[in-house]
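Open the structure in your viewer and keep the selection tool handy. We will go from stop to stop, and at each one you will pick something and see what is there.

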Amino acid sequence: MYTYDAHDQALVDARAHEFRDQVARRLAGQISEDEFKPLRLQNGLYLQLHAYMLRVAIPYGVLSADQLRMLGFLADRYDRGYGHFTTRQNIQYNWTQLSDVADMLDHLASVQMHAIQTSGNCIRNVTTDAYAGVAADEWIDPRPVAELLRQWSTLHPEFAFLPRKFKIAVTGAAEDRAAMKFHDIGIAASLGENGEPLFDIWVGGGQGRTPRVAVLFESRVSLPKLLPVLDAMLRVYNLHGRRDNKYKARIKILVAEMGLEAYRDEVYADLANRDGSVFDEAPKEYARIEAQFAAAQQPPLTPASVERTDPAFAAWLDENVIAHRVEGYAAVTISLKSKGAIPGDATAEQMKAIADLAERHSASEVRVTHRQNLVLPWVPQDELRAVFDALVELGLAEANIGLASDIIACPGLDYCALATARSIPVAQRLSIELREREKREDLRGITVNISGCINACGHHHAATIGILGLNKAEQENYQVTLAGRADEGAQVGSILGPGFDAESLPSAIHRILDAFQALRQDGEDLASVYARVGKDPFKQAAYAPLEQAA
Amino acid sequence: MTDQTNDDDWVLEKSGEVKPGSSLPGALHLDPDTHGPGDVPLGINRPVLITFDSFANGRGFSLARQLRERHGPSLRIVAQGHLLPDQARHAFQSGFDEILISDNALNAYGAHAWDTALQTAVGALYLGEVSGGGIWNRRHGHELT
């Protein structure tokens, strides 16, 4: 993985020092809360319903064992003993004190971590495939370009006060495991004929109240052109993006209102008037970063046969372990979605124990997935049983990765100042019921994502079964969407009909699943069934008992 | 776009020093919400004054960068309006030469905050400017002076 040199460390140390000064001036009353807000947000600090929330960056979801151990330490020392892993591969602490944050940042800096640009109207933490460098279907490791983008965007002076937040994701494999097309800019990396990296740039994706799948801006962009093009794309957005209405301020609206061709013309007009020499060193920097990741790849091992006689272990192998591109290894996904659990939450003890496991069995490396789970990316095949046994002891051996109970949920009204309904209790109840159902039937490929408001942090638009919590006449009400997809065939889910109250929602979800199983042909997934039969059969199933009762 | 005489009282220079007020008779005044780089003729020999209507509106940073790229180091680009001391580094790193500070802004944020605005800010970024600097240039042995 990428390791800081003195330059990286000096920058992060300086940013921590700068934020300490900003907090001191706020506490002294020298800057107003309005003025402090963008400063704290650019360092990941939100004011939530009950307390400050600090979001810590986990660049492209990669953690060392020492870094994860530090996250556990912070949860213990400064929070209530747990943290929440997010859909953008970061971690949030929901109960921090403003006066502690500067100390937390110093602790983070000591293990090459920070909270830079994890919120605010700036370029956010760059995300990627949690299985980067280990997935069997990978064309090119996306982490080097993700790190290059991290460096380019970090404290970029021109793009710190954009019209709205700006999210970038990178993929490098056949399967999109990073929801790339639901980002402001998505980058699909591949290899050219001579082994050089090439990049397809997508623009204008996003969720929120106006969900959009990104459109192709340009294909096969070379490495030397990549940053100049991205810089110009951001500049045109900064200059022309709307600032009169925050709900129309994302780049997806600019591209839709300008038209893709006009937007592209503006970008290339800007490029034509630039001195691009500031980007001259980018290819060398990419090569330096790439060499670090290559050096961290593990040598092949002799493949081991894994005994599958224990049904629980066999089920875990089937659901939570994927093929590795390097002989002799497997990638293990640790589910943070056990029955009744809060999706993405991990206790300090669990984080420290997983850090220990990573040291013993995974080249000291851990990943955070877009679906709020953790990955041990380098487990020797003959150590899988030992990892499973350790996870059973920790209560983290739920064999449900990629099943319906592997639910994404935002913090919702339990924490978030923007939320209109609770997400967590809904997720907890559904996880219990769906896990029971999974014992009887195949629910692979069903994604259940829950958002507590229209901002869609729980990615409900991109789920096969999306749940959006709203406030209807002071009652929590849950709207269901169907057939969304976050993968390479990304599409926005369709609203099924009127919402359900919290009590009747789970049974409605079961009826939708019943309809899916009855309509399914030849192992079709839900999106395929929906595309074939349309909304009506699902709608009839979901609402029939309610209509009968009425 | 109007010619304007500036009545601000202090100026923060790129060196980090705050000096008593600067008058800019004949400056070309630009509003980043309505003006673009095409409004500044090549070869112009008077300062350009870009106004920030709100600290949250970062268009002025992009406009300054465009002007610096097109006109080179000879054009004097000055910021005024609602900027925080914390944004001084953004302004200078985006191509501004000076920031005008009103008496109100000096008092609101405290003279100390302006005096130390560049001391507490992060100075060395990865990407340099056309004139040099930047971590990448240093790493790869191409730092310009």
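## Stop 1: where the chains meet

Colour the two partners differently: chain A and chain B bury about 4000 Å² between them, with 56% of that on carbon and sulfur atoms. Keep in mind throughout that this is a predicted model. Why quote an area at all? The size of an interface is often given as the accessible area lost when the parts come together.

Now select the residues in contact: 49 from chain A and 40 from chain B. Between chain A and chain B there are 22 residue pairs in polar contact, counting pairs with both residues at pLDDT 80 or more. Which helices of chain A should you highlight here? Helices H1 (6-27), H2 (33-41), H5 (143-153), H6 (223-240) and H9 (282-296) of chain A each supply at least two residues to the side that touches chain B. H1(A) gives the most to that side, with 9 residues. By class, the side of chain A that touches chain B has 19 nonpolar, 11 polar and 19 charged residues.

## Stop 2: charged partners

Side chains of opposite charge can pair when their charged atoms come close. Between chain A and chain B, the count is 6 salt bridges. Select A:Glu285 and B:Arg139 to see a salt bridge whose closest N and O atoms are 2.8 Å apart.

Over all chains the count comes to 57 salt bridges. For one inside chain A, select A:Asp8 and A:Arg150, where the closest N and O atoms are 3.8 Å apart. A:Asp8 sits in helix H1 of chain A and A:Arg150 in helix H5 of chain A, so this pair ties together parts that are 142 residues apart in sequence.

## Stop 3: enclosed spaces

Rolling a probe the size of a water molecule over the atoms shows where empty space is left. How many cavities of 30 Å³ or more does the structure hold? There are 8.

Begin with the largest cavity, which has a volume of about 160 Å³. Its lining is made of 14 residues, and those nearest its centre are A:Tyr2, A:Pro59, A:Val62, A:Gln67 and A:Gln112. Strand E3 (62-64) and H5 of chain A are the elements that give two or more residues to this lining. By class, the lining of the largest cavity has 9 nonpolar, 3 polar and 2 charged residues.

Next comes the second largest cavity, with a volume of about 100 Å³. Select its lining residues, among them A:Pro59, A:His114, A:Asn125 and A:Arg150. The lining of the second largest cavity has 5 nonpolar, 5 polar and 2 charged residues.

## Stop 4: an open pocket

Finish at the second largest pocket, which holds about 900 Å³ of space. To centre your view there, select A:Glu175, A:Arg177, A:Arg371, A:Gly402 and A:Thr447, the residues nearest its centre out of the 35 that line the pocket. Helix H10 (311-320) and strand E11 (321-323) of chain A are the elements that give two or more residues to the lining of this pocket. Colour the lining of the second largest pocket by class, and you should find 14 nonpolar, 9 polar and 12 charged residues.

Technical notes:
Residues numbered from 1 in each chain as written. Chains lettered and ligands numbered in written order. Predicted model: local features only at pLDDT ≥ 70, side-chain atom pairs only at ≥ 80, totals over all residues. Heavy atoms only, no water. 1 Å grid on protein atoms, 1.4 Å probe; cavity = no way out; pocket = protein on both sides within 12 Å on 5 of 7 lines; lining within 4 Å. Points joined across faces, edges and corners; volume = space filled by probe spheres on them. Helix = DSSP H or I, 4+ residues; strand = E, 2+ residues; numbered from the N terminus. Nonpolar A, V, L, I, M, F, W, Y, C, P; charged D, E, K, R; others polar. Contact = heavy atoms within 4.5 Å. Buried area = accessible area lost by both parts, 1.4 Å probe. Salt bridge = Lys/Arg side-chain N within 4 Å of Asp/Glu carboxyl O. Polar contact = N/O pair within 3.5 Å; in protein donor to acceptor, adjacent residues only side chain to side chain.
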